[in-house]
Amino acid sequence: MPDARGQIRRLPGLRLWLSGGWLLLLVLAAIFAPMISPHDPLEQDLFAARLPPFWEQGADPAYLLGTDSLGRDLLSRMLYGARLALTVALVAGTLTCLVGATLGLIAGYYRGWADLVISRLVDIWMAFPPVLFAILLIAVLGTGLTSIIIAIVVIDWTRFSRVVRAEAMSQGAMDYVASAQVAGRSRLGIALAEILPNVLPTIVALLTLEMGIAVIVEAILSFVNLSISTDQPTWGGMIAEGRTSIYQAWWVLVFPLFALFLTVLSFSQLGEGLKDYFDPVLR
Amino acid sequence: MSYLAIKDLTVRLKNGVPLLRKVSLEVEAGEVRALVGESGAGKSMIGKAVLGILPRAARLTGGKILLDGEDLLTLPPKARRERIGAKAALIPQDPLTALNPSRRIGPQIIDRLVDILGWKRPKAEARALELLDEVHIQDPGRVMKSYPHELSGGMRQRILIASAFAAEPKLIIADEPTTALDVTVQKQILKLIREMQERHQTALLFVTHDLGVVSKVSQTLTVLYAGKVIEDTNVRAFFEAPAHAYSQALLAATPKYTDPDGSLMPVPESIITAVEQEVAAFDAQLNG
Ligand SMILES: Nc1ncnc2c1ncn2[C@@H]1O[C@H](COP(=O)(O)OP(=O)(O)OP(=O)(O)O)[C@@H](O)[C@H]1O
Ligand SMILES: [Mg+2]
């Protein structure tokens with residue numbers, strides 16, 4: 001039994017390292033994209049169109065991961081694409097978390113009419129298909145980074161509020177809350193100092209998961225050409241372009257798709273690992 | 001005068017179902033009163049009503065609660081909270097959920113002193129260490145830095161006792177503080193509660209469903225059935241000759257310390273029926 005437990009405990013460590021490593025790489029790529037990109041991501045060179053990645057026949061070592069149908073360097077475009085993906089992940093993920101977790105905490109701990117209103121809102125939200133909702137919102141707000149972030153927050157806050165509400169509610173029934181109440185602690189004090197620390201591991205896991213989701217949503221919107229202006233490289237936009245030339249140049253589709261996949265996976269794994277780390281019982 | 005006096009306390013669910021039926025009981029200053037009854041009788045509900053932490057579904061619909069001579073229910077909510085915080089404390093029923101699992105022990109005790117007495121943290125920390133020492137915890141410094149799950153059930157209960165006594169309340173409501181512990185630890189904890197109660201001269205309302213421990217801790221006792229007081233007496237009189245048929249049956253159903261394996265009589269059907277009828281008649285009077 002101690003062996004089995006030891007195994008379970010070591011695993012999150014590895015998960016944390018792998019996912020954290022990939023995300024760190026992305027952060028560095030995003031920050032230093034202008035310095036490390038071998039080419040201008042927008043520069044077209046029709047003579048160098050659809051060059052394969054370096055290990056294939058006919059590759060040009062100047063274009064490590066090859067080029068797309070317009071002869072733009074894939075590696076450079078992916079590095080710049082990481083910038084947008086990470087910005088959306090961090091900003092939209094954090095804002096969604098703040099809004100959703102706060103509402104969930106209020107609903108779950110304060111209960112009463114606040115809970116009634118918030119829970120009805122969640123029910124209504126659940127009735128909308130999220131992707132359609134996103135496209136609708138962008139149609140209203142217009143394209144652009146801010147619109148995407150607002151759309152993600154508006155659509156996804158319920159993911160946090162539902163879970164946080166349920167956990168806050170069960171924590172609120174615990175005896176330690178009763179003791180704090182008897183000692184005259186304010187409701188806000190109890191919510192922040194007693195309830196929140198218990199809900200935090202879940203919030204952290206959801207936050208990183210949300211960051212992954214934000215990356216996907218941005219990619220989907222780029223894919224249907226509703227994201228940022230078309231001349232800014234995004235992974236979703238690259239996937240959309242790659243789709244049209246999948247039989248001539250698979251790499252244009254596969255590399256950004258792979259980056260997207262790894263990033264989303266890393267965010268969710270990071271969340272699981274951090275959840276254990278934040279939970280004093282599992283730590 | 002009694003430190004805590006409850007008069008005709010009635011608590012109902014929102015749909016009108018009574019949980020407490022005109023309960024009256026008193027605890028003298030420095031006295032220990034046991035509150036006995038089977039599971040669901042409403043023992044915890046009495047404690048919650050006094051401490052102002054009734055569950056959402058329940059509502060106080062009648063009666064008076066006098067704490068240190070002051071009618072709590074006529075006070076504005078803020079003043080009531082302050083009085084209760086300063087004068088009363090709870091040793092909760094479930095030691096697993098009575099400490100916050102995500103916080104270290106130290107801050108949880110320190111919070112009590114800061115919340116109630118308005119002390120500065122360093123002063124509160126020094127006092128917290130003393131308190132842990134007072135409840136016979138070895139290496140209080142280490143325990144202050146531990147999380148609840150790192151400690152044994154007995155240790156946790158000691159900490160809860162320390163934190164209940166921390167701000168020197170003159171009334172403590174201990175809700176089955178030993179139910180979750182094994183027998184040897186149970187005895188130590190009972191002894192500790194008595195020791196602390198005597199040293200601090202605290203009035204103690206000791207909730208239990210175990211008549212076996214009553215004679216060890218308390219001078220007086222109240223027997224509750226279905227939220228109604230069945231008997232209110234002193235411990236010696238009770239163990240010599242319980243007045244109510246239900247109390248007699250309850251006593252017969254309790255293992256003796258002198259003869260723990262002796263034959264036990266469950267409370268007979270006929271007596272349950274009789275006491276149920278009594279409660280129903282009381283309800284008719286209550287509602288009519
Ligand atoms: N939150 C609640 N909502 C509705 N009913 C409740 C709630 N808490 C308790 N009750 C009901 O109130 C009655 C008294 O409960 P209480 O917890 O006071 O019993 P108790 O005597 O402390 O029992 P135990 O020995 O099991 O702790 C029970 O019938 C119970 O079902
Ligand atoms: Mg109880």
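These are my notebook entries on two sheets, a ligand shell and an all-helix chain in a predicted model.

**Conventions.** I number residues from 1 along each chain as its sequence is written, and I letter chains from A and number ligands from 1 in the order in which they are written. Since the model is predicted, I accept local features at pLDDT of at least 70 and side-chain atom pairs only at pLDDT 80 or more, while totals for chains, interfaces and linings use all residues, and side-chain values use heavy atoms, with hydrogens and water left out.

**Entry 1, chain A.** I looked up the elements of chain A, taking helices (H or I, at least four residues) and strands (E, at least two) as DSSP runs numbered from the N terminus. Chain A has nine helices and zero strands, and its C-alpha trace spans about 75 × 55 × 30 Å along the principal axes.

**Entry 2, the four-stranded sheet of chain B.** I count two strands as paired if DSSP finds at least two bridges between them. On that basis I find an open sheet of four strands in chain B, ordered β2-β1-β4-β5 with antiparallel pairing. In chain B, β2 (18–28) and β5 (70–71) stand at the edges with a single partner strand each, so one side of each is left without a neighbour in the sheet. I then followed the pairings: β4(B), residues 58–67, is joined to β5(B) by two bridges, with Leu66(B) opposite Asp71(B) as bridge partner.

For packing I use contact in the sense of heavy atoms within 4.5 Å, and for directions I use axes fitted to C-alpha atoms (for helices over the stretch in contact), with angles from 0 to 180 degrees between N-to-C directions. Helix α1(B) packs on this sheet, touching β1 (2–13), β2 and β4 of chain B, and its direction makes about 110° with that of β1(B). Helix α2(B), residues 77–87, lies across β1, β4 and β5 of chain B and runs at about 60° to β4(B).

Between β1(B) and β2(B) I find seven antiparallel bridges, with Ser2(B) partnered by Glu28(B). The two strands form a hairpin with four residues between them, and Gly16(B) in the turn has a positive phi of about 100°.

**Entry 3, the six-stranded sheet of chain B.** This open sheet has the order β6-β7-β8-β3-β9-β10 in chain B, with mixed pairing. Its edges are β6 (88–91) and β10 (228–234) of chain B, each with a single partner strand, so one side of each is left without a neighbour in the sheet. Neighbouring strands are turned by 15° against each other on average, direction ignored. I checked β3(B), residues 32–36, against β8(B), residues 203–208, and they pair in the parallel sense over five bridges, with Val32(B) opposite Leu204(B). Helix α10(B), residues 245–252, lies across β3, β9 (220–225) and β10 of chain B at about 100° to β9(B).

**Entry 4, ligand 1.** I take a residue as near if one of its heavy atoms lies within 4 Å of the molecule. Of the 14 residues around ligand 1, the nearest are Ser39(B), Gly40(B), Ser44(B), Met45(B) and Glu176(B), and helix α1(B), residues 43–51, gives the largest share of the shell with three residues. A polar side-chain atom of Ser39(B) lies 2.5 Å from an oxygen atom of ligand 1, whereas for Met45(B) a backbone N or O atom lies 2.9 Å from an oxygen atom of the ligand.

Definitions and conventions
Polar contact = N/O pair within 3.5 Å; in protein donor to acceptor, adjacent residues only side chain to side chain.
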